[in-house]
Amino acid sequence: MRHAIVGTAGHVDHGKTCLIKALTGVDTDRLKEEKQRGITIELGFADLVDEETGQQIGIIDVPGHERFIRNMLAGIGGIDLVLLVVAADEGVMPQTREHFDILKMLHIEKGIVAVTKADLAEREWLDVVREDIDELVKGTFLEGAPVVEVSSYTGENISTLKALLCEMARDCRERREDPSLFRLPVDRVFTMGGFGTVVTGTLMEGSVAVGDEIEIYPVGLRAKVRNLQVHGNMVERAVAGQRTAVNLANIKKEEVERGCVLAARDSLEVSRMLDVKIQMFENSPRTLLNDSRLHFYYGSAEALCKAVLLDGEALEAGMSGYAQLRFEEQVALRRGDRFILRFYSPLESIGGGMVLDADPPRRKRFRPEVLEALRIRESGVESAVTEQVLKEGSRSLWDLRRLAGSLGKTLAETEKELAPLLEEGKAVALKKELVIHREYLEEGRSAAGRILEEYHKENPVMAGMRKEEFRKRFMSKLRIEGIKGAETFAELVLEDGRFQERENMVSLAELGQEYSEEHKALRDRLERLCLEKGVEAPEEEELLAAEKDKKTAKQMLGRLVAEGVLVRLKDGCYIHAHALEPAVEQLRAFAKEKGSISLAEFRDLIGSSRKYTVAILEYLDREKITRMEGDVRILIG
């Protein structure tokens, strides 16, 4: 069954609260001050039952006075249809227009106009009021909508209006109920004896069940759902479109407030910046200048921000443009969320818009690539939006869950959107839960190429860079240190013909193999000297003594070691493999026959001094060829 939320809107004292009482029997003014002053100050709530289908319809009563517009905004964000109230004795008034501008900006799609106090006006005046209403709604979602003249005092047309509301509620769009999308902006917080902290709000997306672990944004607290109520009844599960009360376990009243959002764990990003499309009201009283300070309203929350206009210097009435909003506190929204903007001082509504990126990097103004990315996000073409978000998320190696959160989709929906991109080769799967855009893979390969080019330039005789060092430099260059999947990405980058991997080394395929004539000569000199010395392995200082370019000569020693031509022993001694191999074979033969070999026996066997004999034996111990037991060594490998 679909669930629907109806929100009222209209000027102060136009009879919204009385109309709701006539429709439902519920007086939504619950505060003493509201009773005394005769005006609505806080949000009020009532239920209407469709007797034909049994559908329960939640009705939100909002304040009409301009001083309480922030309270009106806290309740109007999650509604399905609006009941625009215009009093017959006054007609369209300033707050009628402001409320209606807000409704249009929030993209409410359907509604009914109720002309209240019809018993107080003559027919001729009612016709004038109807003309004003027609002019107000012309070209909007309410053009052609039912206009019902009612009286809460006499009951005139109340049953007609009720029937229209029920009929229209049956046709409201279905909201997604996947638990991963659960989101409920908090509009009331209170405590109940024996239960603890309770919050209420309109369940905008997804569903929630008793026992679920949820998160409170943007404060970052986690809580368990102890109990749920929908329309005053205890339930095990609440779904999108229902007015819901959530009893939170182990949460104090002071830890949550109006403006917080209950959501599925790890489903929202907390940020101090939003990329948005701003649309100014047609009759906005103010011009929005770059760097203007604003009041930002979303869900049930309000925050202060600065508007950095990305494609202009100012936005006047009726104009639109891209902006980055920078906040004085953290906010938690999703792509596609609608919002309202009010001027900082004086406090006047000037426009609103839609969130395009809920967690963007800091943007610079007038950048064509930034504006193009925002145009794609605004387009609503899901395949293009998915590809764009994937491009941007690839830089941080987002997993599928993070990507889904940024898109405002379920995991299954995201996988479905990615499937054609993977088939076309525009996306590449690093592992089951990690997909990147091919452009970023190519960017990674270009970065890897530059790293290795620089390395070969600085180390012209080295066969390549150690893999461990390459990974560190690569991750640092792309700023992906510590990110899950970073090493997998680095490995994928190297799976390309431009690169060559050998054991623990990586190099450019066309470099690190051939020597120049000068380097060939250097290699020959060092190798020959080591061969001449045999098992009396020369130290590095001795090998480099005759070389003018000691840096290159030292690198050549490293390459000879990497290639297995030389072996580096303890204390910086180098022995040629051709000298080491027969010494090892002599040791093996002796140890097999005798069962063990002492230092002195090995020294005599190879005809060397104690110094070099010790160095060779310690090397063999490290390589797990021998093991020292007491004063002798036994053969183990």
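Biologist: In which strand is M234 found?

Modeller: In this predicted model, M234 is found in strand β13, which covers residues 233-235.

Biologist: Why is M234 called partly exposed, rather than buried or exposed?

Modeller: The relative accessible area of M234 is 48%, and since buried means under 20% and exposed means over 50%, M234 is therefore classed as partly exposed.

Biologist: What makes a patch with M234, and how much accessible area does the patch have?

Modeller: M234 forms a nonpolar patch on the surface with M192 and F195, and together these residues have about 270 Å² of accessible area.

Biologist: How do you know that C260 is in no disulfide?

Modeller: A search of the whole structure finds 0 disulfides; for C260, the nearest cysteine sulfur is that of C305, 18 Å away, whereas a disulfide needs the two sulfur atoms within 2.5 Å, so C260 does not qualify.

Biologist: And what places C573 outside any disulfide?

Modeller: For C573 the nearest cysteine sulfur, that of C530, is 10 Å away, and because the cut-off is 2.5 Å, C573 is in no disulfide either.

Biologist: Why is C573 called buried?

Modeller: Its relative accessible area is 2%, and because buried means under 20%, C573 counts as buried.

Biologist: Why do H231 and N250 fall into separate classes, buried or exposed?

Modeller: H231, in the loop between β12 and β13, has a relative accessible area of 12%, under the 20% limit, so H231 is buried; N250, in the loop between β15 and β16, is at 74%, over the 50% limit, and so counts as exposed.

Terms used:
Residues numbered from 1 in each chain as written. Predicted model: local features only at pLDDT ≥ 70, side-chain atom pairs only at ≥ 80, totals over all residues. Heavy atoms only, no water. Patch = residues over 30% accessible without salt bridge, like charges linked within 9 Å, V, L, I, M, F, W, Y side chains within 5 Å. Areas by Shrake-Rupley, 256 points an atom, 1.4 Å probe, with all protein chains shown as cover. Salt bridge = Lys/Arg side-chain N within 4 Å of Asp/Glu carboxyl O. Helix = DSSP H or I, 4+ residues; strand = E, 2+ residues; numbered from the N terminus. Buried < 20%, exposed > 50% of the residue type's maximum accessible area, 1.4 Å probe, protein only.
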